[in-house]
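The following exercises are to be worked with the sequence and the coordinates at hand. Each task is followed by a solution in steps.

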Amino acid sequence: MALLIRNTGGRYGWIAILLHWSVGLLFIGQIVLGLVMVRTTSQRSAFELIQLHKSFGFLLFGLILLRLGWRLANVTPRLPAETGLLERRAAPAAHFALYALQLVLPLTGWALVSASVLEIPTMPFDLFVMPNLPVPISDAAEGWWRVVHVYLAYAAIVLVAVHVLAALRHHFWLRDIILVRMISPSRRCDDDGPE
Amino acid sequence: MLSRSLVIATLAAAVVAGPSALAAASLSAAGGRYTISQAGSSIRFSIGKAGGGSLDGAFARFTGNIRVDNANADRSEVNITIMPASVGTGQGRIDAFLRSDAVFDAANDPEIRFRSTNVRRTGETTATITGNLTARGKTSPEKFQAELKSFAGGTITFRVTGKVLRSRYGMDVGTPIYSNVVEFDMTLSGRRG
């Protein structure tokens with residue numbers, strides 16, 4: 001059987017699946033790392049964790065751009081026929097909000113670093129110097145970006161939780177293919193039509 | 001004609017020889033022991049940043065003494081003790097970071113010490129100072145270049161520069177974003193006695 005690369009009307013291809021899980025794991029990892037690094041009392045550990053958060057943030061940002069491009073260049077597999085009207089409307093809105101956060105969280109983090117009067121260079125994984133965004137530099141600007149970054153992250157925690165719970169509900173309660181088709185393209189949607 | 005060229009030659013010789021002759025005269029009278037005073041002295045440092053620019057700072061509190069031995073320059077001595085808690089970069093958050101156990105651990109290691117082991121004259125007004133630098137319980141040999149800037153009224157002033165690798169003292173946090181090389185630029189002014 002040929003490897004399914006692109007999405008079809010009923011199935012996610014391997015690229016979409018790999019991008020979904022790598023972005024998802026990194027995204028949750030970044031939230032955990034962010035929460036831990038600002039609560040670390042050792043200044044050295046805090047500094048190193050923050051640099052790691054910046055490195056993974058840029059890796060994530062690159063993956064998210066790829067993911068958005070792939071999403072726009074592919075069809076989105078349809079929802080199962082039995083999906084209720086409320087979910088039919090809520091799911092795309094929640095997915096849109098998740099994509100928006102994936103894009104805006106790294107950007108606000110980048111802006112926060114760029115606005116800091118500390119002017120700490122950003123070197124993703126010590127490989128190269130990432131230039132700063134052209135934003136005003138001041139304590140006030142840094143504080144403002146920090147608030148935006150942090151509250152968007154809190155919003156992301158809520159949305160990710162809803163997303164995960166909805167997927168589990170589909171799998172264990174509704175017993176449909178929603179979760180499984182994001183794990184492998186060999187599992188097709190029951191009402192998969194002609195492709 | 002002859003007298004004019006003689007005058008020019010004499011003037012030229014005086015201009016060329018002048019500063020070093022003056023300095024040599026000063027230094028030969030400068031023998032003795034000096035206590036470094038914070039007034040007129042400064043200990044500044046600079047650490048290069050990846051992508052350009054540098055982190056610059058200074059230590060506000062330090063003590064020390066200089067012994068200038070005229071008969072035998074090699075017996076001259078320099079001892080400096082720096083209080084890292086007095087570090088200042090103009091950014092409170094960076095200062096707090098430098099004082100913390102991430103860098104100086106000033107609460108547990110309140111002093112950075114330099115004790116010269118050898119002073120070697122390299123010119124009329126210059127010398128290379130070798131010695132042991134101790135910070136955070138680690139001692140390592142370091143080398144600094146000293147230049148006599150002024151000597152008058154019992155006050156002697158040297159400019160001392162040198163490069164120190166901070167990794168030798170367990171202070172390598174932030175490399176390679178911040179260079180491992182710390183460039184010191186000190187003005188040490190001592191009063192006789």
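**Exercise 1. The environment of an aspartate**

With 18 C-beta neighbours inside 10 Å, B:D105 counts as partly exposed. The model is a predicted one. Explain why B:D105 falls in this class, and locate the residue in the fold.

*Solution.* Step 1: a residue is buried at 20 or more neighbours and exposed at 12 or fewer. Step 2: the count of 18 for B:D105 lies between these limits, so the residue is partly exposed. Step 3: in chain B, B:D105 belongs to the loop that connects α2 (92-99) with β7 (112-121). Step 4: B:A135 is 30 residues away along the chain, yet its C-alpha atom is 9.8 Å from that of B:D105.

**Exercise 2. The make-up of chain B**

Determine how many helices and strands chain B has, and in which pattern they follow one another.

*Solution.* Step 1: the chain has two helices and eleven strands. Step 2: along the sequence they are arranged as α-β-β-β-β-β-β-α-β-β-β-β-β. Step 3: of the 193 residues in chain B, 24% are buried. Step 4: among contacts between residues at least 6 apart in sequence, 54% join residues at least 24 apart.

**Exercise 3. The partners of strand β11(B)**

Establish which strands are joined by bridges to β11 (residues 178-192) of chain B, and in which sense they run.

*Solution.* Step 1: β1 (residues 32-36) of chain B runs antiparallel to β11(B) and is joined to it by three bridges; here B:I36 has B:G190 as its bridge partner. Step 2: β2 (residues 42-49) of chain B is also antiparallel to β11(B), with seven bridges. In this pairing B:S42 stands opposite B:T187, and B:K49 opposite B:Y178. Step 3: β10 (residues 155-165) of chain B is joined to β11(B) by eleven bridges, again in the antiparallel sense, and B:L165 faces B:V181 there.

Step 4 follows β2(B) to another partner. Six bridges pair β2(B) with β3 (residues 54-59) of chain B, antiparallel, and B:S46 is matched with B:D56. The two strands form a hairpin with four residues between them, and B:G51 in the turn has a positive phi of about 85°.

**Exercise 4. Helix packing in chain A**

Describe how α2 (residues 43-72) and α3 (residues 85-115) of chain A cross, and which residues make the contact.

*Solution.* Step 1: the two axes come within 10 Å and cross at roughly 145°. Step 2: the crossing is left-handed. Step 3: α2(A) contributes A:K54, A:G57, A:L60, A:F61, A:I64 and A:L68, while α3(A) contributes A:Y99, A:Q102, A:L103, A:P106, A:G109 and A:V113. Step 4: by class, these contact residues are eight nonpolar, three polar and one charged.

**Exercise 5. The length and cover of α4(A)**

Test whether the span of α4 (residues 139-173) of chain A agrees with its number of residues, and identify its buried positions.

*Solution.* Step 1: at 1.5 Å a residue, the 35 residues should span 51 Å. Step 2: the end C-alpha atoms are 50 Å apart, which agrees. Step 3: A:E142, A:W145, A:H149 and A:A156 are buried in α4(A), and their cover includes α1 (14-37) and α3 of chain A. Step 4: just after α4(A), A:R175 has a positive phi of about 55°.

**Exercise 6. The interface**

State how many residues of each chain are in contact across the interface.

*Solution.* Step 1: eleven residues of chain A are in contact with 15 of chain B. Step 2: the chain A side consists of seven nonpolar, one polar and three charged residues.

Methods
Residues numbered from 1 in each chain as written. Chains lettered and ligands numbered in written order. Predicted model: local features only at pLDDT ≥ 70, side-chain atom pairs only at ≥ 80, totals over all residues. Contact = placed C-beta atoms within 7 Å. Nonpolar A, V, L, I, M, F, W, Y, C, P; charged D, E, K, R; others polar. Pairing = 2+ DSSP bridges. Axes fitted to C-alpha atoms, helices over the stretch in contact; angles between N-to-C directions. Left-handed = near helix turned anticlockwise from the far one by under 90°. Expected span 1.5 Å × (residues − 1).
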